[in-house]
Number of protein chains: 2
Amino acid sequence: MLKEERQQAILNEVALHNRVLLTDIAELLDVSIDTVRRDVKELDAAQKLRKVHGGAISLGFTNQHTRNTNIYALTEKVKIAEKAVKLLKEGAVIFIDGGTTCLELARLIPENKKLTCFTLSLQVAFELLTKPNIEVIFIGGQLSRDAQIAIGPHAIHQLSEIRVDYSFIGTGYVDSLYGLTEFDWDIVQLKKAVIKAAKKTVLLCISEKLNSQHRYKTCDLNAINTMITELEPDNNLLNLFRDHDVRLL
Amino acid sequence: MLKEERQQAILNEVALHNRVLLTDIAELLDVSIDTVRRDVKELDAAQKLRKVHGGAISLGFTNQHTRNTNIYALTEKVKIAEKAVKLLKEGAVIFIDGGTTCLELARLIPENKKLTCFTLSLQVAFELLTKPNIEVIFIGGQLSRDAQIAIGPHAIHQLSEIRVDYSFIGTGYVDSLYGLTEFDWDIVQLKKAVIKAAKKTVLLCISEKLNSQHRYKTCDLNAINTMITELEPDNNLLNLFRDHDVRLL
DNA sequence: AAATAAATTGCAAAAAACTGCAGATTATAT
DNA sequence: ATATAATCTGCAGTTTTTTGCAATTTATTT
C-alpha cells in the first residue's frame, strides 16, 4: 500500500466521521500504530487535519469550537447525544441545530424511528438522509462557509414559518446568570428564531462550556426546557443551574 | 517496445486504477524497475501523473474522483463542465442544478472567480463552499433521499422568489422533437421553476442522452439558450438539434 | 497516587531511490 | 552503407526512505 493511499484513506475517514482514533485506523488499514501516527503527524503539518491525543479530528469543526481539541470530549458528546435520543418520540417533528454535538445526535437516531427533521446544517442533513424513515427538510438560506449552515435573514424568515415539537440546539457559551451567549451576532438571531419555532427547546452542551459567556445573548436560561450535559444531573458542577426552571439531564 | 508506448501504457494504468506500483508495471511491461522509474520520473516532470514513493498516483487522486465509475463518462462530463465554466462572468448570479455533470461544473469553478450561486443540491453546496469567493445560497425544502436535492412545493416557492443571470441545469432525457423530459413529476416541476428564475438557461448534457425521452416534459428545446455536450458543435450527432433556436457548444 | 494509554525515541530490517557504468539500440552524418 | 554520436536500458553498489519493534517518557483516567 502506498503512503499516499494510506493518508488519503485517513483523510476520508476524518471527513466522514469528523474524528478518528489512531488504533482504529491502524486496524482498518492493517499497519502499525506507529505508521498511522507518523502519517497523521504529516497530515497535521500539512494542515489537512488536526492531530490530537489518541487520534485526529477534522479541521472544519475545530475552527469554530477552538476549545474542543480533546478527542475524549467527543465521547462526551456521544454521551449527550445518547441522552437526547431518548427524548425522541415516534412521529415527532423536530429541529436539529448544527455543531458537533447535534451532529452526533443525528448520527445516533435509530434507523427505524419515524421523524420529520428540520435542519440548517449541511452535515446534519447528509447524516439524516442515510436513515430511511426520516423526512428531512432543509431550511434554505445563505451558507456560512465555516460552520456549513444556512444563516441570514432568509433562513430566519423560513424558520418563522415552521413549528416543531422539539428543537435540539447547541450554544457557544452558557452561564447560569447570563444565559446562552454567542460570539456571532448572526448566529444569535438564528437561534432566537429556532427557539421561537419550537414548543420545547433542548440544549445540548458539554460541561466545559458551563459558566462561560460572550458578547451576544441568545436567550435566558429559562427559555430552555431541558439542558443535557455529559454529567450526571446531581453533579456539583451543575449546582448553579439547578435553581432555574430547566430540566437537567 | 518503444518508450512512448511504455509511457502511454503507464498512463493508462494510472487512469484505470488511480494508482500503480512500479514493481507491477515492471512486471506487466516486462522491463526493469529502473526503466519504469525513469519513465515515471519523466511523466511526473511532464505533469501527467504524480510520482510517489513506491509508485505513482493520478493527479486528481488526492481530491475526489476516487469513486471509480465509468472513467470515460467522467472525462466527458469534465469536458462539458470546462466549456460551461467559460460562460461564467465575474460577479454573475447563477443557479447550479444537481447531478454529476453540474457537480463537475461546481468543482471546476476557479477559486478566484467572484460569484453568487444558488443551488438545491447538498453536494454542489459542499463543493462551492470550498471556494472562498463564492457566496452560496441553498434553496431549502424537503430533501430527496436519492438525489440529495431539495424538492417539493417549498423549494419551488423559494425558486419563484429568485432571479439569476444563468441557470446551469441537467436533464434526464433530451430529444430534438420532444424537448427535455424526466422520469419524475416532482423533478419536472422543480426544473420548470429553475428555468423560470433564470434569464438564460444552459443545459449540460452528455451525448448519450441525446434523442431519448420519457414520461414528463420539462420544456421545449427552445426554452434552452445554450446546450453543451462533450461533442464538437459540428458533430453529426447534433444535426437534429441545429435547427432549433439553441446555441450549441 | 496508581494504572493505563499514548507519544517519543532510537534502532534495525526491508524496500525503494539514486548513481555510475557498460552494452545495446537508434539516429544522424558522411 | 558505414561510421559516429546520442540515447536508451539493465545491472550493481550505495544511499535514502519507510516501517515496525522495544524501551522510555509523557499524558490521561480512575
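User: How do the residues of the surface near DNA strand D divide into nonpolar, polar and charged?

Analyst: The surface near DNA strand D comprises three nonpolar, six polar and eight charged residues. Please note that this is a predicted model.

User: Which residues come nearest to DNA strand D, and which helices supply residues of that surface?

Analyst: Among the 17 residues around the strand, those that come nearest are Arg6(A), Thr35(A), Arg38(A), Arg6(B) and Thr35(B). At least two residues of the surface come from each of the following helices: α1 (3-17) and α3 (33-45) of chain A, and α1 (3-17) and α3 (33-45) of chain B.

User: Which part of DNA strand D lies within 4 Å of the protein, and how is it split between bases and sugar or phosphate?

Analyst: Sugar or phosphate accounts for 60% of the strand's atoms within 4 Å of the protein, and bases account for the rest. For individual polar contacts, the cut-off between N or O atoms is 3.5 Å. In chain A, Lys3(A) places a polar side-chain atom 3.0 Å from a phosphate oxygen of DNA strand D, and for Ser32(A) the corresponding distance is 2.9 Å. In chain B, an N or O atom in the side chain of Arg6(B) is 2.5 Å from a phosphate oxygen of the strand.

User: How should the interface of chain B with chain A be read?

Analyst: The size of an interface is often expressed as the accessible area lost when the parts come together. Here chain B and chain A bury about 2600 Å² between them, with 60% of it on carbon and sulfur atoms. On the chain B side, Phe126(B), Leu129(B) and Arg145(B) lose the most area to chain A, together 27% of what that side buries. In terms of contacts, 36 residues of chain B meet 28 residues of chain A.

User: How many aromatic pairs are found over all chains, and why is the pair of Tyr166(A) and Phe168(A) stacked?

Analyst: The search of the whole structure finds six aromatic pairs. Planes under 30 degrees apart count as stacked. The rings of Tyr166(A) and Phe168(A) have planes at 25° and centres 6.0 Å apart, so this pair is stacked. Tyr166(A) counts as buried at 15% relative accessibility, and Phe168(A) counts as buried at 0%.

User: Why is the pair of Trp185(B) and Tyr216(B) edge-to-face?

Analyst: For an edge-to-face pair the planes must be over 60 degrees apart. The planes of Trp185(B) and Tyr216(B) stand at 70°, with ring centres 5.4 Å apart, so the pair is edge-to-face. The pair links distant parts of the chain, 31 residues apart: Trp185(B) belongs to helix α8 (residues 185-197) of chain B and Tyr216(B) to strand β13 (residues 216-219) of chain B. Trp185(B) is partly exposed, with a relative accessible area of 49%, and Tyr216(B) is partly exposed at 27%.

Conventions:
Residues numbered from 1 in each chain as written. Chains lettered and ligands numbered in written order. Predicted model: local features only at pLDDT ≥ 70, side-chain atom pairs only at ≥ 80, totals over all residues. Heavy atoms only, no water. Phe/Tyr/Trp six-rings, centres within 6.5 Å; stacked < 30°, edge-to-face > 60°. Buried < 20%, exposed > 50% of the residue type's maximum accessible area, 1.4 Å probe, protein only. Helix = DSSP H or I, 4+ residues; strand = E, 2+ residues; numbered from the N terminus. Near = heavy atom within 4 Å. Polar contact = N/O pair within 3.5 Å; in protein donor to acceptor, adjacent residues only side chain to side chain. Nonpolar A, V, L, I, M, F, W, Y, C, P; charged D, E, K, R; others polar. Contact = heavy atoms within 4.5 Å. Buried area = accessible area lost by both parts, 1.4 Å probe.
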